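Hello,

Here is the structure I promised to pass on to you. Please open it alongside this email, and I will walk you through what turned up.

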Amino acid sequence: VRMIRNHRHKLIRRYPDGPNEFFDLINDPRETINLFESIEYQSTIERMTNDLDVFFDKYADEKNNGLNVKRLPIHNETEAWRDPRNLH
């Protein structure tokens, strides 16, 4: 999961397949309406996704990259996302 926000919008990307979320923080401060599929926000979502990718391309540690989490050594047996049924 990666997230980026500004004063107006918040984008949450769940790699590789979602679900992804996009919120208008001014009109929906409690983040109850997911606008990720809304046509009117696609250019903003693309721009914010690019900004997110640029940041992580520059600063992510490839060895410990969260996008590789299922390949990292187990360090906490109670991690719900590490359920063996989900490792594929």
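**Loops first**

P19 sits in the loop that connects β2 and β3. The peptide bond leading into this proline, from G18 to P19, is cis, and its omega is near 10°. Please keep in mind throughout that this is a predicted model.

The loop between β3 and α1 has something to look at as well, since E31 is found there. E31 is not a glycine, yet its phi is positive, at about 55°. Most residues other than glycine have a negative phi, and most peptide bonds are trans. E31 has a relative accessibility of 28%, so it counts as partly exposed.

**The overall layout**

Stepping back to the whole chain, you will find one helix and three strands. Following the sequence from the start, they come in the pattern β-β-β-α. The chain has 88 residues, and 30% of them are buried. About 6800 Å² of the chain is exposed, with 52% of that area supplied by carbon and sulfur atoms. If you count the contacts between residues with a separation of 6 or more, 25% of them link residues 24 or more positions apart.

**The sheet**

The three strands make an open sheet in the order β1-β2-β3, and the pairing is antiparallel. At the edges are β1 (2-5) and β3 (21-24), each of which pairs on one side only. From one strand to the next, the twist averages 10°. Strands of a sheet pair through backbone hydrogen bonds, either parallel or antiparallel.

On one side of the sheet, β1 and β2 run antiparallel and are joined by four bridges. The connection between β1 and β2 is a hairpin through three residues. Across this pair, R2 stands opposite R13 in β2.

On the other pairing, β2 (residues 9-13) is joined to β3 by four bridges, and these strands are antiparallel too. Here L11 stands opposite F22 in β3, and H9 faces D24 of β3.

How many of the residues of β2 are buried? Five of the five are, so β2 is largely enclosed by the rest of the structure. Both of its faces are covered: H9, L11 and R13 are buried on one side, and K10 and I12 on the other. This fits a general pattern: in a regular strand the side chains alternate between the two faces of the sheet.

**D24, a residue to click on**

If you pick one residue in the sheet, I would suggest D24, which belongs to strand β3. Is D24 buried or exposed? Its relative accessible area is 2%, and the cut-off for buried is under 20%, so D24 is buried. The side chain of D24 makes a polar contact with the side chain of R8, at 2.8 Å. Leaving aside neighbours within four places in sequence, D24 is in contact with R8, H9, P29, L35 and Y41.

**The helix**

Helix α1 (residues 42-59) lies across β1, β2 and β3, and runs at about 60° to β2. One residue of helix α1 is D53. D53 has a relative accessible area of 29%, so it is partly exposed. In sequence, D53 and R2 are 51 residues apart, while in space they are 9.4 Å apart, C-alpha to C-alpha.

**The aromatic rings**

Searching the whole structure gives three aromatic pairs. One of them is F55 with F56, an edge-to-face pair with 5.2 Å centre to centre and 80° between the planes. Another is F55 with Y59: the ring centres are 4.8 Å apart and the planes are at 40°, so this pair is tilted. F55 and Y59 are both in helix α1, four residues apart, which is about one turn of the helix. Together, F55, F56 and Y59 form one aromatic cluster.

How exposed are these three rings' residues? F55 is partly exposed, at 44% relative accessibility. F56 is partly exposed too, with a relative accessible area of 24%. Y59 has a relative accessible area of 52%, so it counts as exposed.

Happy browsing, and do write back with any questions.

Best wishes

Methods: Residues numbered from 1 in each chain as written. Predicted model: local features only at pLDDT ≥ 70, side-chain atom pairs only at ≥ 80, totals over all residues. Heavy atoms only, no water. Pairing = 2+ DSSP bridges. Helix = DSSP H or I, 4+ residues; strand = E, 2+ residues; numbered from the N terminus. Axes fitted to C-alpha atoms, helices over the stretch in contact; angles between N-to-C directions. Contact = heavy atoms within 4.5 Å. Buried < 20%, exposed > 50% of the residue type's maximum accessible area, 1.4 Å probe, protein only. Areas by Shrake-Rupley, 256 points an atom, 1.4 Å probe, with all protein chains shown as cover. Polar contact = N/O pair within 3.5 Å; in protein donor to acceptor, adjacent residues only side chain to side chain. Phe/Tyr/Trp six-rings, centres within 6.5 Å; stacked < 30°, edge-to-face > 60°.
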